[in-house]
Amino acid sequence: MSSHREAPGISKDPVADSTDLYAFTSPDHPDTVTLIANYIPLEGPDGGPNFYSFGDDVLYEITVTNGGSVADAITYQFAFTTEYTDPNTFLYNTGPISSLTSASWNVRQFYSVTRIKGGKAEVLATKLACPPVNVGVRSTPNYAALARAAVHPLDGGWVFAGQRREGFYVDLGSIFDLGALRPFQEAHLIPLPAVGGIDSTKHLNVHTIAIQVPKTSLTKGGELPTDPTSADSVIGVYTTASRRKSTVLDSGGRTTDVGPWVQVSRLGMPLINEVVIPIGTKDFWNSTEPKNDAQFVANYAHPELAGLLPVLYPGVFPNLAAYTAARVDLEAILLTGIPSGIIPGFQNSTGSTPADLLRLNMAIPPASSPNLNGILGGDLAGFPNGRRVFDDVATIEIRAIAGVTIPLVDPSFTPDGAAGAVSDFSAAQFSSGAVPGNGRYIDHFPYLGTPLNGFDNPS
Amino acid sequence: MANVTRRTFLSTTVGAAGGVAAMGLIAGPSTLVEAAQNVADASDGPMSSEPMTAYVRDAATGEIAVMVGHREVVTKDPHNSIHNLTRGTHVFAS
């Protein structure tokens with residue numbers, strides 16, 4: 001979760017494995033949108049001596065649709081290269097890394113950014129420096145300064161690529177042990193006493209590609225979106241990773257990549273390929289384009305998890321168990337966007353073509369008091385209106401699948417009482433601030449917190 | 001780069017390999033050597049300067065994908081090269 005190791009093929013290829021995608025109006029620069037694509041799941045801070053890095057042989061992309069459409073409008077491409085200061089040492093660094101030009105930093109990564117828009121490819125920047133990973137107190141004593149130096153101006157906005165702290169929180173060990181939610185597991189088919197959830201990703205990092213873009217660069221006509229009811233205010237976002245079609249493992253440790261790029265990973269809405277798409281289709285799903293997602297609609301109309309919940313929690317979801325109609329609510333939220341007339345003052349529709357896109361209505365201003373449950377919590381600036389780094393997408397989607405959103409399209413349905421309460425963490429864990437926890441986020445670009453250092457973590 | 005979309009960038013940075021593959025390339029190069037030459041001709045550098053991969057995607061139909069740089073040409077082999085190749089594989093296996 002939300003897309004960590006979600007498919008058989010990509011689970012064996014971490015550097016190309018998209019884990020989370022975020023798109024939101026920048027709270028400190030509300031005339032811009034921040035797009036974040038995370039890669040490399042479950043990244044241990046102490047993963048030396050060859051610490052985590054982007055793949056030099058992977059093409060990373062963030063694609064935006066606009067004008068209320070699912071057609072690709074703008075694609076940002078990121079291509080990385082790694083350089084060694086001294087190839088004759090095994091060390092990542094030979095002394096403290098005090099700056100991005102520090103001679104003691106041995107393994108450096110740089111990247112270029114290309115934008116495809118209006119049928120033209122334009123190189124926006126080359127040789128942009130990534131920061132080092134957060135090795136530890138001796139090697140990277142002032143990591144925040146290194147990260148700040150790696151925030152580069154780009155086309156009226158900013159760009160960053162490098163290690164950050166994992167922002168997504170979930171109880172992996174419980175949810176994948178027969179769908180258990182620890183705070184509610186006394187009602188599970190195989191019951192255990194209820195306890196708080198375990199935050200599986202709390203001590204992990206991730207590799208982040210983040211761009212902050214003026215909204216006027218994303219709208220179809222270049223205007224600043226101010227009308228939430230306008231299709232021109234809505235963008236759709238997805239990220240992909242691609243590899244060359246042919247790789248030859250040659251003698252002498254050489255690897256040769258040849259041929260056109262082939263898409264091996266994609267991500268729009270969280271948890272889709274994770275829990276909506278069946279395992280035999282996941283790798284195929286990763287290779288396809290969102291605009292062709294009509295072929296997967298049946299998986300949304302009758303999601304497997306909605307059928308499992310009444311079985312795993314006997315007697316808890318009787319209304320959900322009795323509901324046999326297609327889940328039009330999920331199709332709207334996840335595949336076409338929420339049309340006007342459902343939620344007062346809001347829509348993020350991209351038309352009738354089903355497509356897995358993270359949809360953002362850019363005319364909705366940032367919330368002064370954000371709610372982790374986004375629109376379900378009455379906060380129109382949160383998921384599924386785009387996704388902020390702290391949004392509790394696991395809870396939101398579990399509750400949606402459990403039926404809380406069915407009345408949006410079928411007022412005759414009454415959600416089960418548990419549907420609006422289930423979560424993999426307890427209410428006390430949220431109210432105390434234990435989840436998501438301190439240090440996970442910062443209030444400015446790139447918004448994900450300083451990565452945990454490898455000396456102190458895991459502790 | 002004229003008329004670039006994300007998908008065309010990925011699949012056909014130069015040339016029309018994807019479209020050719022979809023059409024089965026019946027009217028395309030008739031030998032592996034010709035296919036390789038076509039790919040090389042379309043590349044930026046001389047043929048000998050870049051690695052080339054020939055991928056027999058379906059030995060039964062004789063379909064071969066030849067890749068160099070970011071380019072790919074799919075062809076059919078009318079001269080039994082694949083048959084000879086698979087016989088060679090059989091020899092290796094035994």
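Two strands are said to pair if DSSP finds at least two bridges between them. Strands (E, at least two residues) and helices (H or I, at least four) are DSSP runs, numbered from the N terminus. This is a predicted model, in which local features need pLDDT of at least 70, side-chain atom pairs count only at pLDDT 80 or more, and totals for chains, interfaces and linings use all residues. Residues are numbered from 1 along each chain as its sequence is written, and chains are lettered from A in the order in which they are written.

The strand pairs of chain A are listed below.

| Strand pair | Sense | Bridges |
|---|---|---|
| β4(A) (residues 72-84) and β5(A) (residues 107-117) | antiparallel | 11 bridges |
| β5(A) and β6(A) (residues 120-129) | antiparallel | 7 bridges |

A:Ile74 has A:Lys117 of β5(A) as its bridge partner, and A:Val123 in β6(A) stands opposite A:Thr114. The hairpin of β5(A) and β6(A) has 2 residues between the strands, and A:Gly118 in this hairpin takes a positive phi near 60°.

Residues are in contact if their C-beta atoms, placed from the backbone, lie within 7 Å. Chain A brings 19 residues to its contact with chain B, which brings 21 residues. On the side of chain A, β11(A) (255-267) is among the contributing elements and gives the most, with 6 residues.

A nonpolar core is a set of buried Ala, Val, Leu, Ile, Met, Phe, Trp, Tyr and Cys residues joined through C-beta atoms within 7 Å; buried means that 20 or more other C-beta atoms lie within 10 Å of a residue's own. The largest such core has 101 residues, and helix α9(A) (residues 393-404) supplies its largest share, 8 residues.

Technical notes:
Contact = placed C-beta atoms within 7 Å. Buried ≥ 20, exposed ≤ 12 C-beta atoms within 10 Å, placed from the backbone.
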